[in-house]
Amino acid sequence: MAGIGIDVAGLKKKLGPNQALDGTDFSFEGGLLHGLIGPDGAGKTTLLRTLMGLLKPDAGAVRFSRGGAALDFKAIRDGMAYMPQRQSLYADQSVGEHMDFFRDLYGLPEAVYEDRRRELLGITRLEKFVERPAGQLSGGMYKKLGLMCALLQSPNVLLLDEPTNGVDPISRREFWELLYRLAGGSVTIVVSTAYMDEAERCARVHLLDRGRALAEGEPRAVLRKEGVASFDELFLRREEAAP
Amino acid sequence: MSGAWAVEAEGLTVRFGEFTAVDDVSFRVPPGEIFGFLGANGAGKTTTIRVLCGLLLPSSGRARVAGLDVASGLREVKHKVGYMSQRFTLYDDLTVEENLAFAAALRKMPAEDLARRTKELFEVIGFDRPTDQLVRDLPGGFKQELSLAVAMLHGPEIVFLDEPTAGVAPGSRARFWALIRRIAATGKTVFVTTHYMDEAEQCGRIALMRTGKLIALDSPAGLKRSAFPEPLYELQAGADAPADWTQRLKSDPSVIDASPYGLRWHAGARDEAGFRGLLERLGPSVRSRRIQPTLEDVFVRLVEGKDR
């Protein structure tokens with residue numbers, strides 16, 4: 001089954017005095033791992049929240065499709081998962097209790113849940129920490145728990161907002177191993193990041209600057225087309241050119 | 001133990017029930033040093049800092065801060081140290097002024113001292129915004145700088161900064177580190193944790209923790225030398241490279257370890273002749289060049305602790 005593609009056209013969103021999205025156009029091909037790249041304040045979080053239906057755009061449209069056929073947002077909403085930058089987990093609830101809670105929230109059948117739970121604890125290597133309260137997890141483990149909760153329902157679309165920010169280099173690599181395992185199936189993943197090495201590991205990158213699309217495509221192709229060695233260089237060039 | 005050190009830990013151990021968070025850790029930090037405290041999440045960094053700030057008693061071992069034993073003189077220790085914690089620093093719904101006044105009240109600081117210290121600190125951090133502004137409305141990096149000012153209000157000799165720049169934009173991070181250097185230049189000791197290796201690079205020395213143990217302690221240059229006695233290569237593959245080239249790279253006997261850096265891979269070579277042979281077999285579309293290790297390389301190698 002083909003993954004769900006997302007097309008964004010002329011998206012505008014003003015938050016207070018700030019034009020967070022200023023006519024954003026992007027195309028997220030179904031079933032791929034997409035990197036959403038941009039400096040602070042570029043509009044990454046606003047875009048993800050708009051894709052998720054948490055914000056209503058002032059103008060423009062978000063269209064979902066599968067194999068060319070348009071999909072209704074309401075029909076796929078249950079299959080979408082979003083991991084915000086600051087995940088609100090329950091500090092006094094353990095890892096296991098979080099998973100039970102999300103099982104109930106998603107209404108998962110017990111058999112499906114048991115398998116899924118075992119699989120997720122295995123790949124996140126959190127089996128030994130099932131009893132530990134979320135408030136006592138390290139930064140990297142906390143992010144993994146957030147991801148597990150998002151993945152319990154086997155989403156078709158997974159949106160992750162800077163999941164590795166403030167995470168050590170090893171945990172960062174582990175998190176990406178995890179994303180690689182998830183990708184490759186039919187799930188469409190969009191992950192925002194400020195780390196340029198992570199950007200390079202995505203199947204497609206989408207560069208966002210001041211609410212507008214700067215470039216998008218396969219990482220090597222984007223670098224070649226823009227004539228730069230790294231995405232950092234591309235943003236730096238933009239910064240220097242800015243008035 | 002002598003009193004000439006800013007921070008001394010000797011066989012420091014902290015247990016929570018069955019779990020040993022800090023395991024027999026010893027180190028010394030001279031006054032005025034920027035001391036980087038690195039490790040994976042959960043390695044025991046924050047627990048160590050809490051002991052050194054007098055917030056937690058060690059299960060065994062000793063720690064002295066500014067010459068004071070943390071186990072015997074908690075009140076005095078708290079005068080000597082400033083602590084910018086990872087989770088909480090400022091009240092968002094109080095103004096800049098109110099946050100400072102609150103911190104001063106906790107320290108029972110007289111009003112004229114508060115005014116004088118605030119002026120001094122604002123000059124150091126270059127803070128020139130209205131002080132009746134809510135902290136919530138401060139732009140990104142200013143919050144961190146103000147947090148540091150609050151942590152230093154009582155004039156401590158040593159400041160402990162626990163991931164002060166987590167989630168901060170690159171430009172603000174650079175400004176914060178310029179501030180750290182200015183503070184250290186005045187003779188204060190800065191004890192700082194970070195996950196950003198470009199920041200670690202700016203430390204005088206770095207202590208590296210893994211699962212509660214101190215596994216390395218040296219200058220950035222020294223760590224690179226000792227962690228990478230053998231040459232390190234950066235590899236990049238063109239479109240027609242063998243599909244399994246990274247597998248072959250990782251499993252080749254001439255390769256010590258290999259890990260991804262974006263589109264590229266870094267590989268340590270055990271023997272150069274063998275490595276050249278591997279490159280020939282992989283073909284011309286896998287390009288390689290010798291590079292100097294970064295601290296990220298050091299971190300990945302030492303913390304992952306592959307047997308060599």
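**Contact between the chains**

I began with the place where the two chains meet in this predicted model, and I found 20 residues of chain B in contact with 20 residues of chain A. On the side of chain B that touches chain A, I noted that β12 (255-261) and α11 (295-304) of chain B each supply at least two residues. The largest share of that side comes from α11(B), which gives five residues. Sorting the residues of this side of chain B by character, I counted ten nonpolar, seven polar and three charged. For the model as a whole I wrote down an ipTM of 0.70 and a pTM of 0.80.

**Chain B as a whole**

I then looked up chain B, where the secondary structure comes to eleven helices and 14 strands. Its C-alpha atoms fill a box of roughly 75 × 45 × 35 Å, taken along the principal axes, and 41% of its 308 residues are buried. Among the contacts in chain B between residues at least 6 apart in sequence, I read that 69% join residues at least 24 apart.

On confidence, I recorded an average pLDDT of 90 for chain B, with 97% of the residues scoring at least 70. The lowest confidence in chain B is in helix α2 (residues 74-80), at a mean of 86, while the highest is in strand β8 (residues 189-193), at 97.

**B:Thr47**

Is B:Thr47 buried or exposed? I put B:Thr47 down as buried because it has 21 C-beta neighbours inside 10 Å, where 20 or more are required. This residue lies in helix α1 (residues 45-52) of chain B. Not counting residues up to four places away in sequence, B:Thr47 touches B:Val14, B:Ala21, B:Val22 and B:Leu56. I also checked B:Thr47 against B:Leu161: the two are 114 residues apart in sequence and 13 Å apart in space, C-alpha to C-alpha.

**Nonpolar cores**

Next I went to the largest nonpolar core, which has 72 residues, and asked which of them touch the most other members. They are B:Leu52, B:Val65, B:Ile158, B:Phe160, B:Ile180, B:Val190 and B:Phe191. The largest share of this core, six residues, comes from helix α6 (residues 170-185) of chain B.

I followed B:Val65 further and, leaving aside its neighbours within four places in sequence, found it in contact with B:Val7, B:Leu52, B:Val70, B:Val77, B:Lys80, B:Val81 and B:Ile158. Of these contacts, B:Leu52 and B:Ile158 also appear among the core residues that touch the most other members. A second, separate core of 59 residues includes A:Ala20, A:Cys149, A:Trp176 and A:Val187.

**A sheet in chain A**

Last, I traced an open sheet of six strands in chain A, whose order is β6-β7-β8-β3-β9-β10, with mixed pairing. Its edge strands are β6 (80-83) and β10 (212-217) of chain A, each of which pairs on one side only. From one strand to the next, the twist averages 15 degrees.

How many bridges join strand β9 (residues 204-209) of chain A to β10(A)? I found five, and the two strands run antiparallel. Within this part of the sheet, A:Leu207 stands opposite A:Ala215 in β10(A). Helix α8 (residues 219-226) of chain A packs on the sheet and touches β9 and β10 of chain A, with its direction making about 115 degrees with that of β10(A).

Key. Residues are numbered from 1 along each chain as its sequence is written. Chains are lettered from A and ligands numbered from 1 in the order in which they are written. This is a predicted model: local features need pLDDT of at least 70, side-chain atom pairs count only at pLDDT 80 or more; totals for chains, interfaces and linings use all residues. Two residues are in contact if their C-beta atoms, placed from the backbone, lie within 7 Å. Helices (H or I, at least four residues) and strands (E, at least two) are DSSP runs, numbered from the N terminus. Ala, Val, Leu, Ile, Met, Phe, Trp, Tyr, Cys and Pro count as nonpolar, Asp, Glu, Lys and Arg as charged, and the others, Gly among them, as polar. A residue is buried if 20 or more other C-beta atoms lie within 10 Å of its own, exposed if 12 or fewer, and partly exposed in between; C-beta atoms are placed from the backbone. A nonpolar core is a set of buried Ala, Val, Leu, Ile, Met, Phe, Trp, Tyr and Cys residues joined through C-beta atoms within 7 Å. Two strands pair if DSSP finds at least two bridges between them. Axes are lines fitted to C-alpha atoms, for helices over the stretch in contact, and angles run from 0 to 180 degrees between N-to-C directions. pLDDT is the predictor's confidence in each residue, from 0 to 100.
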